[in-house]
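Here is a short round of questions and answers on a protein model. Keep the structure open as you read.

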Amino acid sequence: MGIFDSVFGKKEKTTKEKKELPWIQLTSLDQLETITENSKYKPQVIYKHSSTCGISRMVLNIFTESYDMDLDIDLYFLTIQSHRDVSKAIEDKFGVRHESPQLLIIKNGEVVFHTSHGAISDTDFTKYV
């Protein structure tokens, strides 16, 4: 420990374990029918992410850290740059204008809640379980 460390109280680095969510990669149009069918039994969540947007990355990090792992929902993750056709089909099927980042909650075949950008981290999933 150097003199400046002792004077200014150098902080110990802590290693924070990265939380891994149980994402299901949304890559095909067929999965939209699966989501619709499964939403009859438990809520389905679609998270639309832009891999080229800093805001989208920041919101995803906040969402990941605040997500309750005990929730009984299916989490689908769509990277819009890789699957624009799926993103467009979501807009057409569920009638929700595309944004990114964007979160949709589907229950009984319909979107019961959707939000985008910073408001995603305020989502209270307990209202939909």
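Q: Which residue's side chain meets that of Lys40 in a salt bridge?
A: This is a predicted model, so the answer is read from predicted atoms. Side chains of opposite charge can pair when their charged atoms come close. Here the N to O distance is 3.0 Å, and the cut-off is 4 Å. The partner of Lys40 is Glu37.

Q: Is Glu37 buried, partly exposed or exposed?
A: Buried means under 20% relative accessible area, and exposed means over 50%. Glu37 has a relative accessible area of 36%. That value lies in between, so Glu37 is partly exposed.

Q: How many salt bridges does the count come to?
A: One of them joins Lys40 and Glu37. Another joins Lys93 and Glu33, at 3.1 Å from N to O. The count comes to 5.

Q: How many residues apart in sequence are the parts that Lys93 and Glu33 tie together?
A: Lys93 lies in helix α4, residues 84-94. Glu33 lies in helix α2, residues 30-38. Their salt bridge therefore ties together parts whose separation in sequence is 60 residues.

Q: About how many helical turns separate Lys88 and Asp92?
A: The side chains of Lys88 and Asp92 meet in a salt bridge, at 3.0 Å from N to O. Both residues belong to helix α4, where they are 4 residues apart. That spacing is about one helical turn.

Q: Is Asp92 buried, partly exposed or exposed?
A: Its salt-bridge partner is Lys88, which is partly exposed at 45% relative accessibility. Asp92 has a relative accessibility of 52%. The cut-off is over 50%, so Asp92 counts as exposed.

Q: Which residues are joined into one network by salt bridges that share partners?
A: Look for bridges with a partner in common. Such bridges link three residues into one network: Lys42, Asp72 and Asp74.

Q: How many of the residues of strand β3 are buried?
A: Strand β3 spans residues 74-79. In a regular strand the side chains alternate between the two faces of the sheet. In β3, Asp74, Tyr76 and Leu78 point one way, while Leu75, Phe77 and Thr79 point the other way, and all are buried. The number of buried residues is 6 of 6.

Q: Which residue in β3 is the bridge partner of Ile24?
A: Strand β1, residues 23-25, is joined to β3 by 3 bridges. The two strands run parallel. In β3, the partner of Ile24 is Tyr76.

Q: Do β2 and β3 run parallel or antiparallel?
A: Strand β2 covers residues 44-49, and 6 bridges join it to β3. Among the bridge partners are Gln44 with Asp74, and His49 with Thr79. The two strands run parallel.

Q: Is the β-α-β crossover from β2 to β3 right-handed or left-handed?
A: From β2, the chain passes through helix α3, residues 54-66. It then reaches β3. This crossover is right-handed.

Q: Which residue in β4 stands opposite Gln44?
A: Gln44 is one of the buried residues of β2, on one side with Ile46 and Lys48. Strand β4, residues 102-107, is joined to β2 by 5 bridges, and the two run antiparallel. In β4, the residue opposite Gln44 is Ile106.

Technical notes
Residues numbered from 1 in each chain as written. Predicted model: local features only at pLDDT ≥ 70, side-chain atom pairs only at ≥ 80, totals over all residues. Heavy atoms only, no water. Buried < 20%, exposed > 50% of the residue type's maximum accessible area, 1.4 Å probe, protein only. Pairing = 2+ DSSP bridges. Right-handed = clockwise from strand over helix to strand, strands pointing away.
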